[in-house]
Amino acid sequence: SLLAARAALLEYWADTRLIEMDGVTTVAIESDRLELQWLFANPVTGDQARTFNPSSRVGWRGPYVTTSTGDLVATGYPHLIDAWAHEIVVQDVDPSSRPRDVRIVSPGSNGVVDIPDATPTTSLTATDVGDDVYVAFTLH
């Protein structure tokens, strides 16, 4: 569900928001930080290696989601699907902003994400949303 994905993403964010993801020494870059695939695998090592430091309370201590609900063979990566068997996505409206405006989006029955990535949640209209279903939140 979208709420379960939100809860996992919030836990992941609390643990990893202070880890630098520069694209050189890590698999993920800052603009990818909120990809759902990093709930399944460590963005720094690309596997399930835990890098959480209990003293600093920083690092990846997942997996935050243990089971991919999507077809791993077809896509090649773990992901979550909605009630219509479409892939759920994360929209990080502006990765450089603080706080960050984030949405977890189900593309709805038509399978197309209608919500424009860069439109702030507070500015979304019914036309923007279409048949999408989303949960919005901010990350500090």
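**Salt bridges, burial and backbone in a predicted model**

Biologist: To begin with one pair, are Asp92 and Arg100 to be described as buried or exposed?

Modeller: In this predicted model, Asp92 and Arg100 are both buried. Each residue therefore falls under the 20% relative accessible area that the term requires.

Biologist: What makes the contact between Asp92 and Arg100 a salt bridge?

Modeller: The side chains of Asp92 and Arg100 approach to 2.4 Å, N to O. A salt bridge requires a side-chain nitrogen of Lys or Arg within 4 Å of a carboxyl oxygen of Asp or Glu, so this pair qualifies.

Biologist: How many salt bridges does the structure hold?

Modeller: The structure holds three. One of them joins Glu11 to Arg61.

Biologist: How do you know that Glu11 and Arg61 form a salt bridge?

Modeller: The closest N and O atoms of Glu11 and Arg61 are 3.9 Å apart. The limit is 4 Å, so the pair is accepted as a salt bridge.

Biologist: Why is Glu11 called partly exposed?

Modeller: Glu11 has a relative accessible area of 38%. Partly exposed covers what is neither under 20% nor over 50%, and Glu11 is therefore placed in that class. Arg61, at 29%, is partly exposed because its value also lies in between.

Biologist: What can be said of Asp15 and Arg61?

Modeller: Their side chains meet in a salt bridge, at 2.6 Å from N to O. This pair links distant parts of the chain, with Asp15 in helix H1 and Arg61 in the loop between H1 and H2, 46 residues apart.

Biologist: Why is Asp15 called buried?

Modeller: Asp15 has a relative accessible area of 4%, which is under 20%, so Asp15 is buried. Through salt bridges that share partners, Glu11, Asp15 and Arg61 are joined into one network.

Biologist: Why does Ser106 count as buried?

Modeller: The relative accessibility of Ser106 is 2%. Buried means under 20%, so the term applies to Ser106. This residue is found in strand S2, which covers residues 100-106.

Biologist: What makes the meeting of the Ser106 and Asp82 side chains a polar contact?

Modeller: The distance is 2.6 Å, and the limit for a pair of N or O atoms is 3.5 Å, so the criterion of distance is met. Leaving aside neighbours within four places in sequence, Ser106 is in contact with residues including Leu2, Trp84 and Val133.

Biologist: Which residues have the most contacts inside the largest nonpolar core?

Modeller: They are Leu9, Tyr12, Leu34, Leu39 and Ile104, in a core of 24 residues. The elements that give two or more residues to this core are H1, S2 and strand S3 (133-139). H1 gives the most, with six residues. Not counting residues up to four places away in sequence, Leu9 touches Leu34, Leu39, Val90, Val102, Ile104 and Phe137.

Biologist: How do you know that the radius of gyration of the protein agrees with a compact globule?

Modeller: A compact globule of 140 residues would have a radius of gyration near 14 Å, and the protein has 15 Å, so the value agrees. Along its principal axes, the C-alpha trace spans about 45 × 35 × 25 Å. Of the 140 residues, 41% count as buried.

Biologist: In what order do the elements run from the N terminus?

Modeller: The order is α-α-β-β-α-β, and the protein has three helices and three strands.

Biologist: Which features of the backbone deserve attention?

Modeller: Most residues other than glycine have a negative phi, and most peptide bonds are trans. Ala85, which is not a glycine, has a positive phi of about 65 degrees, and Arg57, also not a glycine, has one of about 60 degrees. Cis peptide bonds join Gly62 to Pro63, with omega about 5 degrees, and Arg98 to Pro99, with omega about -5 degrees. Pro63 lies in the loop between H1 and H2, whereas Pro99 lies in the loop between strand S1 (89-92) and S2.

Biologist: Why does Ala85 count as exposed?

Modeller: Ala85 has a relative accessibility of 54%, and exposed means over 50%, so the term holds. Ala85 lies in the loop between H2 and S1.

Definitions and conventions. Residues are numbered from 1 along each chain as its sequence is written. This is a predicted model: local features need pLDDT of at least 70, side-chain atom pairs count only at pLDDT 80 or more; totals for chains, interfaces and linings use all residues. Side-chain values use heavy atoms; hydrogens and water are left out. Helices (H or I, at least four residues) and strands (E, at least two) are DSSP runs, numbered from the N terminus. Buried means under 20% relative accessible area, exposed over 50%, partly exposed in between (1.4 Å probe, protein chains only). A polar contact is a pair of N or O atoms within 3.5 Å; within protein, one must be able to donate a hydrogen and the other to accept it, and residues adjacent in sequence count only if both atoms are side-chain atoms. Contact means heavy atoms within 4.5 Å. A nonpolar core is a set of buried Ala, Val, Leu, Ile, Met, Phe, Trp, Tyr and Cys residues joined through side-chain atoms within 4.5 Å. The radius of gyration is taken over C-alpha atoms; the globule rule is 2.2 Å times the number of residues to the power 0.38.
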